[in-house]
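Colleague: I'm new to this one and would like a close look at a single part. Could you walk me through the strands towards the end of the chain?

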Amino acid sequence: METHIVIMAGGIGSRFWPMSTPECPKQFIDVMGCGKSLIQLTAERFQGLCPSDNIWLVTSEKYIDIVRKQLPSVPPQNILAEPVARNTAPCITYACWKIKKRHPNANIVVTPADALVIHTDEFRRVVAKAMLVTDRSGSIVTIGIKPCRPETGYGYIAAGEALDNEILQVDEFKEKPDSKTAQQYLDAGNYFWNAGIFVWNVKTIENAIRRYAPGIAEVFDKIYPELYTEKEQETINTLFPTCESISIDYAVMEKAERIYVLPAEFGWSDLGSWGSLHSLLPKDEHNNAKVGESIRMYESSNCIVHAPQLKHIVVQGLDGYIIAEKNNTLLICRLAEEQRIKEFSKV
């Protein structure tokens, strides 16, 4: 089995301002205070599944230097630069067209760069199981996370008949639900969080994109002759912006046949908000989570403090707040109002 990993690393993480900024978004930050950025943790969890020469990064051209610095073992030619953001369908097509030119029998795993996985051994087992299904078949396998709460911040996958004791047929992809619907999904037992992790072989994804997103396939067919040449980036810069901006879910997954879900439990979070980070970090006896050198909390509870650049922080009398500092910008915001952070970041 010839395995390749595609890591999508182009997002700007605006909900994590001021820690995450357009100049250095969350995938390049040590969010957990563990000494490694999210993209480094993502690449690391695939160790043993494929060599570093088979890891590909797709990111904005302005983050190329950051990626090279943080992942020096990835060959520079495997770091693909998007001139503009066009969502995940063009991003994935770029990587898959590039891989198929030299590796026509490749088995590919696609993953976001900014999710967190706690149990990496189980993660590798699940991905290896999915790859066995897709290696020589025309199937697509997506990883579904078994929900532990009625979460409204994730999309869901509705599962149907079982292919074997782990793999289930996908009946439908569902958008982020309201709280009542999320509870119904949890109670039903056959709905899983959509982790945005997909496994397929080159031929399967090429055929699916040609059938369901022919406009994007047409753009990359024009780019294809220039891949691995001196003209590649110039051609990408010219033609990539002509792609429709659309997610792989909308473009392909919701329409394709022979899609299966592999339910999993490996401590996954997409770390999409300060609230999700608060739930994952270690907490003191008053439910406060802290990332920083010296943070003292007095008469405070249910807070998250993220300020690794500051030497000393004292917080008194707060309940349910975000306190975050980076590059001389300080945010103090109620956790319950974190959906307004995009608004605050524009000031």
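Modeller: Here is a short tour of those strands, after a quick word on the model and the whole chain. This is a predicted model, so to speak of local features we ask for pLDDT of at least 70, and side-chain atom pairs count only at pLDDT 80 or more, while totals for chains, interfaces and linings use all residues. Residues are numbered from 1 along each chain as its sequence is written, and side-chain values use heavy atoms, with hydrogens and water left out.

The protein chain has 11 helices and 17 strands; these are DSSP runs, numbered from the N terminus, with at least four residues (H or I) for a helix and at least two (E) for a strand. Its radius of gyration, taken over C-alpha atoms, is 21 Å. That is close to the 20 Å that the globule rule (2.2 Å times the number of residues to the power 0.38) gives for 347 residues, so the chain is as compact as a globular protein of that length. Of those 347 residues, 54% count as buried, meaning under 20% relative accessible area with a 1.4 Å probe, protein chains only (exposed is over 50%, partly exposed in between).

Now to the strands. Four of them form an open sheet in the order S12-S14-S16-S17, with mixed pairing; two strands pair if DSSP finds at least two bridges between them. Strand S12 (289–291) and strand S17 (329–334) stand at the edges with a single partner strand each, so one side of each has no neighbour in the sheet. On average, neighbouring strands here are turned by 5 degrees against each other, direction ignored; the axes behind that angle are lines fitted to C-alpha atoms. Inside the sheet, strand S14 (residues 304–306) pairs with strand S16 (residues 321–326) in the parallel sense, over three bridges. If you want to find that pairing on screen, look for Ile304, whose bridge partner in S16 is Ile322.

Another pairing to look at is that of strand S13 (residues 295–298) with S15: they run parallel and are joined by four bridges. Here Arg296 stands opposite Val314 in S15. In a regular strand the side chains alternate between the two faces of the sheet. You can follow that along S15 (residues 313–316): Ile313 and Val315 point to one face and are buried, whereas Val314 and Gln316 point to the other and are not buried. So the Val314 that sits across from Arg296 belongs to the face of S15 that is not buried.

Key
Axes are lines fitted to C-alpha atoms, for helices over the stretch in contact, and angles run from 0 to 180 degrees between N-to-C directions.
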